[in-house]
Amino acid sequence: MSFEDYDRALKMGKKAYRNSIIRGEYPYLPVLDDILSVAEIRGDVNLGLVDIPLDRVVGTSNKGRTYSFASNFMPILDFKTEFGSKWSKLCDAHLDEGIHDPIKVYEYLNYFYVVEGNKRVSVLKYFDAVSIPAYVTRKVPKKTDDPENVIYYEFMDFNRITKVNFLWVSKPGNFEKILDLTYPEHKEGWTEDDLKYFTAFYYNFAAAFKEKGGEKLSDITTADAMISYLEVYDYKDVVNQLTGEIKQNIAAIWQEFVMNTDETPVDINMNPPEEKKTIPIFSQLFNMGPNAARPLNVAFLYDKEPSSSGWLYGHELGRNHIKEVFGDSVSTLKVTCTDTGDTAVEVMEDLIENEGTEVIFTTTAELIDASLKVAVKYPNVKVLNCSINTQHRYIRTYDARLYEAKFLSGIIAGTLTGTDKLGYMADYPIYESVANINAFALGAKMVNPRARVYLRWTTMKDETRHGIRDEFYANNVDYVSDQDMIAPDRASRNFGLYKLSKDESLNIAMPAYNWGALYEKIINIIIKGQWNSGETENLGRAVNYWWGLPSGVIDIILSKNVPQGVARLVETIKTLMAKEEFYPFEGLLTDQNGEVRNEDGNRMSADEVIRMDWLLDNVDGEIPVMSMLQDSAKTIVELKGVVKDDTSLAADGASVDNADKGIEGAKDGSGTGTMN
C-alpha cells in the first residue's frame with residue numbers, strides 16, 4: 001500500500017515540478033532563510049504548541065530538504081532512495097495509528113516554514129489533512145506601510161484575540177470586519193465556544209465557496225468572501241448553517257464576490273441618464289407606467305423624526321416634491337424607525353409584503369446594512385440608500401456633490417474676509433466630507449492666497465458648536481462655514497456661511513440640497529424603463545448616483561448681504577460648473593505636509609475626490625481618529641469614516657512582545673495649527 005501511495009505522491013510532485021518550470025517559477029519548496037535575507041526582522045516570538053493549518057504550511061526553513069520536494073510538498077525523489085523508504089514508513093504509520101508528534105515551524109506573515117517534520121507535512125498533505133500540531137516561533141517583521149505588512153500586523157492582533165490562524169484577507173481592515181461581524185462583544189478575547197462555532201462555520205463556508213467556483217476568482221480570499229457573505233446574512237443566523245444552505249445563499253449574492261475582484265467595482269454616475277426621446281411601440285403596449293389606479297408605491301425610511309434633523313428634513317421636502325410632481329401616479333409613505341438593524345429590516349419587509357412597496361429610499365448611511373439584506377431577499381424591489389462609495393451590487397446609493405456649493409462658499413468667504421481667517425465646522429470625518437472642506441479652502445485660496453481655513457469638528461469629545469464659535473471669535477475668524485441646514489424645530493442663524501459677530505451672526509450664503517430634483521429624476525429613470533439602461537447599464541458593478549450642479553441637485557443661495565460684484569463672480573463660476581466647463585479639483589494641489597496630491601494639468605477622478613483623506617495646505621486642523629470622537633458619532637464613522645481606528649505605526653524600538661499583541665496609539669493628525 002505504501003508503495004502505491006508513494007507512487008501517486010511522486011506523480012503529483014513531478015507534475016507540480018514540471019508546471020513550475022513551464023511557468024518560470026521556483027520548482028522546489030520556498031526557503032525561509034532566502035526570504036528573510038532581504039527582509040528586516042524585529043525579533044522572534046514563541047507561540048508554543050499550536051494546531052496550524054496545513055494549507056498555510058508552504059516551505060522549509062533552510063535548503064537542507066527543499067530539493068526533496070516539489071512546491072506542493074509532494075516528493076520528487078525515487079522510491080528506492082532512503083527518503084522514499086522513510087516517507088513510505090511514515091505513510092504506513094499514519095494509516096495505522098495517525099501522526100501525532102508535533103513538528104517545529106517558523107511562522108512569517110502567517111505562512112509556516114518547517115524546521116523539523118517536512119516528511120510528516122508531506123504525508124498529511126497527501127491525505128488532505130486539515131491541520132497538524134506544531135511548536136511555532138513567529139518571525140516578526142519590522143513594521144512598514146506596505147499593505148501586506150499592514151495586514152499582517154492586523155492579523156497578529158486578530159490572532160491574539162481569536163486564536164484563529166487558518167484564514168487570510170487581502171485588504172487592510174478586513175480582520176477588524178470579521179471581529180465586528182461575528183462576536184463584536186468579545187473584542188478583548190474570544191471564548192472557546194466562539195472559536196469552536198466560528199471554525200465550523202468557516203470550514204463549511206469554505207467548502208461551499210469552493211464548490212461554487214470561488215477559487216477561480218482572482219484577488220479575493222475565502223475570508224474576504226466570507227466577509228461579503230456576513231455583510232448580507234447576520235452571523236447569528238447562519239453560524240450553524242451547513243454547506244448546502246450556504247451554497248444557496250452564495251448563489252443568490254454571487255455578484256458581491258465578483259465585485260471584490262474588480263479594481264473599479266463602483267460605477268459612479270455623475271449625471272442622470274439622458275431621457276429617451278422616443279419609446280418603442282412594443283414598450284408602450286406592455287409598460288403603460290404608473291397611474292392613479294395603479295400607482296408606483298415608494299417608501300422613505302428615516303432613522304428619526306425629520307422635523308428634528310436638518311438632514312432628514314431636506315429629504316422630507318424631497319418626498320413632498322415627489323407628491324407634487326407625480327400626483328396620484330406615485331404613492332409615497334414616510335416611515336420612521338429608530339432601530340437601524342433588525343427592526344429596520346422587519347419594517348421594510350412589512351412595507352413590501354403588506355403595502356406593495358416597489359421602491360424604498362433609506363435616507364441615512366446607518367441603514368445600509370438593513371437595506372442590503374432586504375434588497376437581496378426581494379430582488380424585484382428597488383432599494384436605494386443615501387450614501388456614497390458603497391460597493392454592493394444589489395442596492396444603489398445616491399448622494400449630492402455638496403463640495404461644488406462649498407467651493408462657491410469659499411470664494412465668497414475668501415473675498416469678504418477682513419482678517420484672512422475663515423472657520424469651518426465639520427461634523428463627521430466620513431467619505432466626501434473632507435472633499436467639502438478642501439473645496440471650501442480651494443475656493444477661498446483662488447480669490448485670496450492669504451486666506452487660512454481653521455477646521456474644527458463638532459463631533460469631537462468636549463466640543464460644542466457654541467464653544468467652537470467662541471474660539472473662532474476670540475481668534476479673529478470673521479466668516480464661518482457651519483451646518484448646511486437647520487432643523488425646523490431649532491431656530492438659529494448659524495447655518496451655511498455667515499459673518500461671525502459677538503451677538504447675532506449675519507447670514508451670507510447657504511449651500512442647498514435639492515433632494516426633490518434627485519428623487520424626481522430617479523423615479524423618472526424607473527418609470528421610463530431606464531433602470532438597467534443608458535449610463536446605468538453596467539450591471540456587473542455597483543451603481544452610485546452622485547449628482548450636482550448640472551442636474552440641479554445642488555445649488556447655493558446668496559443673501560442680500562453678498563456684494564453685487566461678488567455675486568456676479570459666484571454666478572459666473574456656478575454657470576461654468578453647471579456646464580461642466582470648470583472643475584474645482586483640477587491643477588496643482590498640495591497638502592498640509594507639502595506633498596503634491598494632484599499634478600498641474602490633471603483633473604482628479606470622482607473616486608479620488610470621494611476618498612480624500614488629506615487636507616489642503618491652507619487648512620489648519622486635522623482629521624480626527626476614532627478615540628477623539630463622541631460615542632454618538634462612532635457608528636457612522638465606522639461605516640463611512642475616512643479613518644477607521646487609532647492604530648499607528650509601531651516605533652522601531654518597540655518590544656517584539658508588544659508587536660504580537662497589537663500596538664495601539666493615536667494616529668497623528670497632520671497640519672494641526674493654531675489661530676493665534
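Helices here are DSSP runs of H or I with at least four residues, numbered from the N terminus. With that in hand, the tour can start at a helix. Keep in mind throughout that the model is predicted.

**Stop 1: W87**

Select W87, which is found in helix α3, residues 82-97. Is W87 buried or exposed? Buried means under 20% relative accessible area. W87 has 0% relative accessibility, so it counts as buried. Now show what surrounds the side chain. Leaving aside residues up to four places away in sequence, W87 touches D5, Y6, A9, P75, K119, S122, V123 and Y126. Pick V123 from that list and draw a distance between C-alpha atoms: W87 and V123 are 36 residues apart along the chain, yet these two atoms are separated by 7.3 Å.

**Stop 2: the whole chain**

Zoom out and colour by secondary structure. The chain has 23 helices and 21 strands. How many residues does the chain have, and what share of them count as buried? There are 676 residues, and 51% count as buried. The chain exposes about 30,900 Å², and carbon and sulfur atoms supply 48% of that area. Among contacts between residues at least 6 apart in sequence, 73% join residues at least 24 apart. The pair W87 and V123, 36 residues apart, was one place to look at such a separation.

**Stop 3: helix α5**

Select residues 147-162, which make up helix α5. The helix has 16 residues and reaches 22 Å from its first C-alpha to its last, close to the 22 Å expected at 1.5 Å a residue. Look at the start of α5: a side-chain oxygen of D146 reaches to within 3.2 Å of the backbone nitrogen of E148. At the other end, α5 is followed by K163, which has a positive phi near 70 degrees.

Next, colour the buried residues of α5: N149, I151, Y152, Y153, F155, M156, F158, N159, I161 and T162. While looking down the helix, remember one rule. An α-helix has 3.6 residues a turn, so residues three or four places apart point the same way. Among the buried residues to check by eye are Y152, F155 and N159.

**Stop 4: strands β7 and β8**

Select β7, residues 296-302, and β8, residues 330-336. The two strands pair in the parallel sense over seven bridges. To find your place in the pairing, label L301, which stands opposite V335 in β8. Then add helix α13, residues 310-326: together, β7, α13 and β8 make a right-handed β-α-β unit.

**Stop 5: strands β9, β10 and β11**

Move on to β10, residues 382-386. Four of its five residues are buried, so β10 is largely enclosed by the rest of the structure. Which strands pair with β10? One is β9, residues 359-362, which is parallel to β10 and joined to it by four bridges. Here V359 stands opposite K382 in β10. Between β9 and β10 the chain passes through helix α15, residues 368-377, and this β-α-β crossover is right-handed. Another partner is β11, residues 396-400, which runs parallel to β10 and is joined to it by three bridges. In that pairing, C386 stands opposite Y398 in β11.

**Stop 6: a sheet of seven strands**

Show the open sheet whose seven strands come in the order β18-β16-β15-β14-β12-β13-β21, with mixed pairing. Its edge strands are β18, residues 554-558, and β21, residues 619-620, each of which pairs on one side only. Inside the sheet, select β12, residues 421-426: β12 and β14 pair in the parallel sense over three bridges. L422 stands opposite Y479 in β14.

**Stop 7: around helix α18**

Start with D462, in the loop between β13 and α18. D462 is not a glycine, but its phi is positive, about 65 degrees. With a relative accessible area of 80%, D462 is exposed.

Go on to F472, which lies in helix α18. F472 is buried, with a relative accessible area of 0%. Draw a distance from its C-alpha to that of L500: the two residues are 28 apart along the chain, and the atoms are separated by 8.4 Å.

Finish at N476, in the loop between α18 and β14. N476 also has a positive phi, near 65 degrees, in a residue other than glycine. N476 is partly exposed, with a relative accessible area of 49%.

Conventions
Residues are numbered from 1 along each chain as its sequence is written. Side-chain values use heavy atoms; hydrogens and water are left out. The expected span of a helix is 1.5 Å times one less than its number of residues. Buried means under 20% relative accessible area, exposed over 50%, partly exposed in between (1.4 Å probe, protein chains only). A polar contact is a pair of N or O atoms within 3.5 Å; within protein, one must be able to donate a hydrogen and the other to accept it, and residues adjacent in sequence count only if both atoms are side-chain atoms. Two strands pair if DSSP finds at least two bridges between them. A crossover is right-handed if, with the strands pointing away from the viewer, the path from the first strand over the helix to the second runs clockwise. Contact means heavy atoms within 4.5 Å. Accessible areas come from the Shrake-Rupley method with a 1.4 Å probe; for residues, only the protein chains shown count as cover.
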